[in-house]
Amino acid sequence: MAETISEIAKGFHAEHRGNCAMSVAYGFARANGKSEAEAVESAEMFRDFGGGRAPNGTCGALYAAKMMQPDHADALEDFFKRGAKGCSHCKEIRPNAVIPCNRCVELAGEALDFLNK
């Protein structure tokens, strides 16, 4: 069985190949049949959105998920917030250790996987 977006994204992040936003973009690309090179290129577009630098301070992983499926942004955010104790902003999550960054990546991937079912 093919790996899920969440599994691929979590692995990419755990290997320190990219920030949270890059990891979700990479996972989405790979799970949707893109080559390694294409997935890395997709990830690179999100290099500036990790570590609390996504628009409005949104978690970068969530931001990337919403950019991958913009028509489902609200549903993705609702799913994410359920797993992140109601939080969606990096400044709420990281300093308060709500969930680890790698879990944010996995959670954003799970939200995308849920849409793909």
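Me: Which residues in α5 meet α7, and which in α7 meet α5?

Reply: Happy to walk you through it. To read a helix pair, start with the side that each one offers to its partner. In this predicted model, α5 uses Leu76, Phe79, Phe80 and Gly83. Across from them, α7 brings Cys104, Leu107, Ala108, Glu110, Ala111, Leu112, Phe114 and Leu115. Sorted by class, this contact has 10 nonpolar residues, 1 polar and 1 charged.

Me: At what angle do α5 and α7 pack, and how far apart are their axes?

Reply: Helix α5 covers residues 73–83 and helix α7 covers residues 101–116. Their axes lie 9 Å apart, at an angle of about 135°. That angle makes α5 oblique to α7.

Me: Is the crossing of α5 and α7 left-handed or right-handed?

Reply: Handedness is the next thing to read. Here α5 passes α7 in a right-handed crossing.

Me: Now for α4. How are α4 and α5 oriented to each other?

Reply: Look at the angle again. Helix α4, residues 60–68, crosses α5 at roughly 150°, and the two axes come within 9 Å. An angle over 145 counts as roughly antiparallel, so α4 and α5 are roughly antiparallel to each other. Their crossing is right-handed.

Me: Which residues in α4 and α5 meet?

Reply: From α4 come Leu62, Ala65 and Lys66, and from α5 come Ala73, Leu76, Glu77 and Phe80. The classes here are 5 nonpolar, no polar and 2 charged residues. If you have the structure open, find Leu76 and Phe80: they are among the α5 residues that meet α4, and they are also among those that meet α7.

Technical notes:
Residues numbered from 1 in each chain as written. Predicted model: local features only at pLDDT ≥ 70, side-chain atom pairs only at ≥ 80, totals over all residues. Heavy atoms only, no water. Axes fitted to C-alpha atoms, helices over the stretch in contact; angles between N-to-C directions. Helix = DSSP H or I, 4+ residues; strand = E, 2+ residues; numbered from the N terminus. Parallel < 35°, antiparallel > 145°, perpendicular 65-115°, else oblique. Left-handed = near helix turned anticlockwise from the far one by under 90°. Contact = heavy atoms within 4.5 Å. Nonpolar A, V, L, I, M, F, W, Y, C, P; charged D, E, K, R; others polar.
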